[in-house]
Amino acid sequence: MTILILGGTAEARAFAQTLVDRGRPVISSLAGRVSAPALPAGAVRIGGFGGPSGLQEFIVLQRISAVVDATHPFAARMSQHALIATTAVGCPLVRLDRPGWRGHQLAGQWTWVADTDEARAAAALAERPFLTTGRQSLANFLRWEDREVLVRVVDPPSFELPRRWQLIRSRGPYTYPAERQLMVDHATDVLVTKDSGGGHTSAKLDAATSLGIPIVIISRPAQLAGVASVATVAEALRWLEAVPYP
Ligand code: NAP
């Protein structure tokens, strides 16, 4: 009767803690993308499963009774694999997806785009972008080598960044005054980000808006059809309590 949480987010950690507090057996799975990740309560495994078949095998071997996909909103491949594997073995699956920032949109100039190519195009005239789209996307912005780009990532990229770029390594959460000061000091003229959602990193949106800095924001991947979806840990718990166990 073990619950598998596909994690890597604050919500996944909160859910693991909730289950541990209730004495429910839980295994959290992390991709292993970041060094020294914040570890959830309970058992943890780290690294890919080897595709949907590997995950399917894991579910069977570990006698997993339900899977909670609480991966990052942009980890679309893992979510797809979770759907394939759980469908194959008849294991209940729910997506725990924190709300995105469409509802957060304040008065200001927000441009929603589909991907990094569109983000580059939308910010084509900027000279001092503040880039917070994640380490894995940085290669797509390297043609901005002549611009004064401020990049913020958790772990540094594996390649050298252009000489004029300034790299900040940090994990958040961030506060409004500090975000505002950072953008003032850098003289940011566009914030390029993605719709990660949640409150940990949303202060930059308010700070940019208050400074009149346009925001270019990459939309989330489409939700998978046929997967139950909840937005909070409490809803995930209610879903779990309604799962019929064999
Ligand atoms: P992805 O493209 O959906 O996943 C790629 C592969 O990583 C999966 O096929 C799986 O490998 C493995 N994987 C992902 N999440 C896993 C988990 N929780 N447990 C075990 N294996 C996992 O996701 P991604 O490459 O991690 O990230 C894609 C996007 O999400 C990027 O935009 C990134 O910035 C953002 N993001 C992800 C995380 C995260 O913790 N994953 C955190 C912050 C941001 P196998 O096929 O071998 O099972």
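**The ligand shell and a pocket**

Sorted by class, the shell around the ligand holds 7 nonpolar, 11 polar and 4 charged residues, in what is a predicted model. Of the 22 residues around the ligand, those that come nearest are Ser29, Arg33, Phe49, Met78 and Lys194. Lys194 also places a polar side-chain atom 2.8 Å from an oxygen atom of the ligand, while the backbone takes part through Gly50, where an N or O atom lies 2.9 Å from a ligand oxygen atom, and through Gly51, where the corresponding distance for a backbone N or O atom is 3.2 Å. On its own the ligand has 820 Å² of accessible area, and the protein covers 82% of it. Two elements, strand 2 (26–30) and helix 3, each give two or more residues to this shell, and helix 3 gives the most, with 4 residues.

Helix 3 leads on to another part of the structure, the second largest pocket, which contains about 240 Å³ of space. Its lining is made up of 17 residues, of which Ser79, Arg95, Ala222, Gln223 and Leu224 are the closest to the centre. Both helix 3 (76–89) and strand 5 (93–96) supply at least two residues of that lining, with helix 3 giving the most, 4 residues. By class, the lining of this pocket divides into 9 nonpolar, 4 polar and 4 charged residues.

Gly226, finally, sits in the loop between strand 11 (215–218) and strand 12 (228–230). Gly226 counts as exposed because its relative accessibility is 81%, where exposed means over 50%. Between the C-alpha atoms of Gly226 and Gln62, which are 164 residues apart along the chain, the separation is 25 Å.

Notes. Residues are numbered from 1 along each chain as its sequence is written. This is a predicted model: local features need pLDDT of at least 70, side-chain atom pairs count only at pLDDT 80 or more; totals for chains, interfaces and linings use all residues. Side-chain values use heavy atoms; hydrogens and water are left out. Buried means under 20% relative accessible area, exposed over 50%, partly exposed in between (1.4 Å probe, protein chains only). On a 1 Å grid over the protein atoms alone, a cavity is a set of points where a 1.4 Å probe fits but cannot get out, and a pocket is an open set with protein on both sides within 12 Å along at least five of seven lines; lining residues have an atom within 4 Å of a point. Grid points are joined across faces, edges and corners, and a volume is the space filled by probe spheres set on the points. Ala, Val, Leu, Ile, Met, Phe, Trp, Tyr, Cys and Pro count as nonpolar, Asp, Glu, Lys and Arg as charged, and the others, Gly among them, as polar. A residue is near a molecule or strand if one of its heavy atoms lies within 4 Å of it. A polar contact is a pair of N or O atoms within 3.5 Å; within protein, one must be able to donate a hydrogen and the other to accept it, and residues adjacent in sequence count only if both atoms are side-chain atoms. Accessible areas come from the Shrake-Rupley method with a 1.4 Å probe; for residues, only the protein chains shown count as cover.
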